[in-house]
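Dear colleague,

I am handing over the structure below, together with a short account of what was found in it. Please keep it open beside you while you read.

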Amino acid sequence: MKQLFIVFEGIDGSGKSTQVKLLTEKLIAAGHKVYTTFEPTDSPIGSLVRNIFKGRMNADHKTIAALNVADRLDHLHNEINGLLKKMEEGYTVISDRYYFSSYAYHGVHVDIDWVIAANALSAATLKPDVNFFIDVDPEVSMKRLNSTRGTIELYETLENLQQVKAKYLESFEKLKGEEKIVFINGNQSVAAIADDIWKELDNL
Ligand code: ADP
């Protein structure tokens, strides 16, 4: 397999971080150099966003959308562990969320075309070789979140996850000509999802 930039997308509780971890382990076992990362990042800008999600800070949706744009640019370009640097160093990069998360989560509150335009620099700089969309019913992901997480963050209500999922689908439809988007049935077992992802990567 050539060096890839692989992104996982999906609503909260869809199983992204579970699958990111499994895929990282499999690729490393197969001898690849893998760098695993996530958005919002753990940089100072990403931490601002996380504080808003946790309710420790307040900001309107346009501000959150703009902070995510800045966090993503820093994620790409920062000189210590930026994605471009990691790709240059020969790593396969796996990210838990990238710009489609902005389109989906902020598109619920802000004009989706503005969100897409605001991320144009990132899209022009580094496009994923594949966006895996882990497709789960919002009811299923809410059940998972309620049973496993002590606190429920901003965005994590059934109604909002339904709206976010609809915005994911809308943005995939808008950008299907420019982006590689692969739907994975996320209502299956962890192992079955991992198998589907592995088969899709083989095709790439
Ligand atoms: P995300 O990163 O998309 O928010 P997680 O991977 O953290 O989702 O999964 C949310 C919760 O659901 C975790 O407790 C995880 O163990 C569980 N989970 C993940 N995938 C599945 C699955 N396919 N079936 C059942 N539970 C799952």
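A good place to begin is Tyr35, whose bridge partner in strand S3 is Val93. Please keep in mind throughout that this is a predicted model. The pairing of Tyr35 and Val93 belongs to a longer run, since strand S2 (residues 34–38) and S3 pair in the parallel sense over five bridges. Strand S3 also pairs with strand S1 (residues 5–9), again in the parallel sense, and here over four bridges; within this pairing, Ile6 has Ile94 of S3 as its bridge partner.

How many of the five residues of strand S3 are buried? Five of the five residues in S3 (residues 92–96) are buried, and therefore the strand is largely enclosed by the rest of the structure. If you look at the two faces of S3 in turn, you will find Thr92, Ile94 and Asp96 on one side and Val93 and Ser95 on the other, so placed that both faces are covered.

The second finding concerns Asp71, which lies in helix H3 (residues 61–77). Asp71 is buried and yet has no salt bridge, the nearest side chain of opposite charge being that of Arg72, at 6.6 Å; a salt bridge would need the charged atoms to be within 4 Å. What the side chain of Asp71 does reach is the backbone nitrogen of Gly46, at 3.3 Å. Once its neighbours within four places in sequence are left aside, Asp71 is in contact with Pro40, Thr41, Ser43, Ile45 and Gly46.

With best wishes

Definitions and conventions
Residues numbered from 1 in each chain as written. Predicted model: local features only at pLDDT ≥ 70, side-chain atom pairs only at ≥ 80, totals over all residues. Heavy atoms only, no water. Buried < 20%, exposed > 50% of the residue type's maximum accessible area, 1.4 Å probe, protein only. Lys, Arg positive; Asp, Glu negative; His and termini not counted. Polar contact = N/O pair within 3.5 Å; in protein donor to acceptor, adjacent residues only side chain to side chain. Contact = heavy atoms within 4.5 Å. Pairing = 2+ DSSP bridges.
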